[in-house]
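This report describes a single protein model for a reader who works with computed structures. Please examine the sequence and the coordinates before reading on.

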Amino acid sequence: MNIEEFIPMLIEKAFEMRAFSYTPYSNFKVGAALLTKKGTVYGGCNIENAAYGPSNCAERTAFFKAVSEGEREFAAIAIVGGSEDGVKDFCAPCGVCRQVMAEFCDPDEFMIILAKSSDEYIKYSLKELLPLGFSSKNLK
Ligand code: THU
């Protein structure tokens with residue numbers, strides 16, 4: 001699979017998902033699009049809660065949707081985030097979401113795409129964003 005070919009479509013999907021985010025408390029709206037190694041895409045948005053703690057990030061929404069449908073192998077995720085005014089900066093995944101990625105993804109291969117628009121993005125490997133991460137490998 002050539003992930004580069006999927007990048008514009010993933011960013012577009014992440015923007016579509018951002019429109020569904022439920023953010024009455026932070027007004028910070030995030031969308032994500034997760035690509036499996038088979039080429040299927042799962043979207044996610046952040047979903048907040050009056051009790052704050054139960055809130056879920058866009059990235060984890062996408063991962064949990066995919067894993068709950070039987071997916072275990074992932075190639076890349078595109079993330080877009082910003083206030084209601086729009087996406088002005090790159091939005092990097094929080095530490096908890098990076099740890100969820102580490103559960104299912106090869107840190108050297110999994111690509112994290114932070115986008116402001118379909119042609120303005122930066123790419124990182126999971127290893128770059130979660131160096132020395134703890135994963136199932138440590139328990140073997
Ligand atoms: N958020 C995400 O969904 N993903 C990120 O990468 C960063 C933060 C959400 C959580 C919360 O709903 C809002 O953005 C403000 O932190």
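The text below covers the nonpolar cores, a strand pairing, a surface patch and three residues outside helices and strands.

The model is predicted, so local features need pLDDT of at least 70 and side-chain atom pairs count only at pLDDT 80 or more, whereas totals for chains, interfaces and linings use all residues. Residues are numbered from 1 along each chain as its sequence is written, and side-chain values use heavy atoms, with hydrogens and water left out.

**Nonpolar cores**

The largest nonpolar core comprises 21 residues. Such a core is a set of buried Ala, Val, Leu, Ile, Met, Phe, Trp, Tyr and Cys residues joined through side-chain atoms within 4.5 Å; buried means under 20% relative accessible area, exposed over 50%, and partly exposed in between (1.4 Å probe, protein chains only). Leu34, Phe63, Ile77, Phe110 and Ile112 have the most contacts inside this core. Two or more residues come from each of strand 1 (28–36), helix 2 (58–67), strand 3 (74–83), helix 3 (95–104), strand 4 (111–117) and helix 4 (126–129). These elements are DSSP runs numbered from the N terminus (helices H or I, at least four residues; strands E, at least two). Helix 2 gives the most, with four residues.

Leucine 34 is in contact (heavy atoms within 4.5 Å) with residues including Thr40, Tyr42, Phe63, Ile77 and Phe110, when residues up to four places away in sequence are not counted. A second, separate core has 15 residues, among them Ile7, Ala33, Met111 and Ala115.

**Strands 1 and 2**

Strand 1 and strand 2 pair in the antiparallel sense over five bridges; pairing requires at least two DSSP bridges between two strands. Alanine 32 has glycine 44 of strand 2 as its bridge partner. The two strands form a hairpin with four residues between them, and glycine 39 in the turn has a positive phi of about 100°. Four of the five residues of strand 2 (residues 41–45) are buried, so this strand is largely enclosed by the rest of the structure.

**Residues outside helices and strands**

Tyrosine 52 also belongs, with Tyr22, Tyr25 and Ile47, to a nonpolar surface patch of about 450 Å². Patch members have over 30% relative accessible area and no salt bridge (a side-chain nitrogen of Lys or Arg within 4 Å of a carboxyl oxygen of Asp or Glu); like charges are joined within 9 Å and nonpolar side chains (Val, Leu, Ile, Met, Phe, Trp, Tyr) within 5 Å. Accessible areas come from the Shrake-Rupley method with a 1.4 Å probe; for residues, only the protein chains shown count as cover.

| Residue | Location | Relative accessibility |
|---|---|---|
| Asparagine 27 | loop between helix 1 (7–18) and strand 1 | 31%, partly exposed |
| Tyrosine 52 | loop between strand 2 and helix 2 | 58%, exposed |
| Leucine 132 | segment after helix 4 | 90%, exposed |

Asparagine 27 has a positive phi near 55°, and leucine 132 has a positive phi of about 55° although it is not a glycine.
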